[in-house]
Amino acid sequence: MSDELLITVAGVGAEVTRSQQPSLPLLPDEVGEEYRRAYEAGATIGHMHGRRPDGAPTQDKETFGAYAAAIRARCPIVQQFSTGGAVGMGVEERIEALELGPEMATLTLGTCNFGDDVFENSLPTIRTILDRIKKFGITPELEIFDNGMLATADFLFSKGLLSPPVHFDFVLGVPGAAAATVENLAHFARSIPSGCTWTVAGIGRRQTAMATMAIAMGGHVRVGFEDNIYYRKGELADSNARFVERVVRIAREVGREPAPIEKAREMLRLPLTA
Ligand code: KMH
Ligand code: ZN
């Protein structure tokens, strides 16, 4: 276990709206500022979704290019493009921005219910996304929303389509997928090959509890408006950085420091910068 903690900021998402969360960043400069603040608070991975100025989700490369430039101009956070996009998007739409060559991209390993919707990730969809990730030399983060997705990870490893060690993200608490419980987190964490690293993204009110468990277990943490908009019950968070600051405080209490950016890159097996 590495004592250093990887913190991912998922600050935009595809589903949350500005009427639900007035501080949600939408324009490139807003996203750039939000990710700079999160980076300065201790986040080292920036998970990115695209939005049009009116808030509609988009995965188009113009939006991702503008976000990437706005973030890069302000901080060296590792940029991780979503390939999940929003529910209902077609696979080509979801992966069009990968040609911009982000350092990381997500890869969800199965279909699950997502509230009233279905988040579609059949094996053909997974293969299409993985091929595109490989084509552009991008490092994947494997997103696990439910137990069966761990079996798909094993299948991809057994076929040599992916090779451990890789980085996982356990997304726990999506309505219709695995619940945000200590039992599920422990089961997921012990089900992946040794040497792999993992993060937990606790959805909604379970975000801080799941983060605290992951910190104690030697895992890593994702926070942000994509997963949770409240700082505490009844109180909206006024920025994504606020969540990162809280995670850093909890981590320090148990002897873990946020990873400096070059250490984070090493832990994620990314090429080091010059
Ligand atoms: N918006 C969710 C349906 C990802 O970024 O890779 C899917 C999602 C996963 O957010
Ligand atoms: Zn996402």
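Trainee: How far is an oxygen atom of ligand 1 from an N or O atom in the side chain of Ser82?

Mentor: Please note that this is a predicted model. Ser82 is one of the residues that surround ligand 1. The pair in question joins an oxygen atom of the ligand to an N or O atom in the Ser82 side chain, and the distance is 2.7 Å.

Trainee: How much of the area that ligand 1 exposes when taken alone does the protein bury?

Mentor: Taken alone, ligand 1 exposes 300 Å². The space that ligand 1 takes is the largest pocket. Of the area exposed by the ligand alone, the protein buries 98%.

Trainee: Which residue offers a polar backbone atom to a nitrogen atom of ligand 1?

Mentor: The surroundings of ligand 1 include Gly84, Gly85 and Val87. A polar backbone atom lies 2.8 Å from a nitrogen atom of the ligand, and this backbone atom belongs to Gly85.

Trainee: Which residues coordinate the zinc ion (ligand 2)?

Mentor: The donor residues follow the spacing H-x1-H-x176-E in sequence, so His49 and Glu226, in loops of their own, tie together parts that are 177 residues apart in sequence. One of the donor residues, His47, also has a polar side-chain atom 3.1 Å from an oxygen atom of ligand 1. Coordination is at 2.1 Å, through NE2 of His47, NE2 of His49 and OE of Glu226.

Trainee: Where does Glu226 lie?

Mentor: Glu226 is a donor to the zinc ion (ligand 2) and is also among the residues around ligand 1. His49 lies in the loop between β2 (45-48) and β3 (50-51), whereas Glu226 lies in the loop between β12 (220-223) and β13 (230-232).

Trainee: Is His49 buried or exposed?

Mentor: A residue counts as buried under 20% relative accessible area. Glu226, with 22%, is partly exposed. His49 has 4% relative accessibility and therefore counts as buried.

Trainee: Which residues does a cis peptide bond join?

Mentor: Most peptide bonds are trans. The cis bond here has an omega of about 5 degrees. Its second residue is placed in the loop between α5 (147-158) and β10 (167-172), and the residues joined are Pro164 and Pro165.

Trainee: What is the phi of Arg269?

Mentor: Most residues other than glycine have a negative phi. Arg269 is in the segment after α9 (261-267) and, at 34% relative accessibility, counts as partly exposed. Its phi is positive, near 60 degrees.

Notes:
Residues numbered from 1 in each chain as written. Chains lettered and ligands numbered in written order. Predicted model: local features only at pLDDT ≥ 70, side-chain atom pairs only at ≥ 80, totals over all residues. Heavy atoms only, no water. Donors = N, O, S within 2.8 Å, 3.2 Å for Na, K, Ca; no water. Helix = DSSP H or I, 4+ residues; strand = E, 2+ residues; numbered from the N terminus. Buried < 20%, exposed > 50% of the residue type's maximum accessible area, 1.4 Å probe, protein only. Near = heavy atom within 4 Å. Polar contact = N/O pair within 3.5 Å; in protein donor to acceptor, adjacent residues only side chain to side chain. Areas by Shrake-Rupley, 256 points an atom, 1.4 Å probe, with all protein chains shown as cover. 1 Å grid on protein atoms, 1.4 Å probe; cavity = no way out; pocket = protein on both sides within 12 Å on 5 of 7 lines; lining within 4 Å. Sits in = over half its atoms within 2 Å of the grid points.
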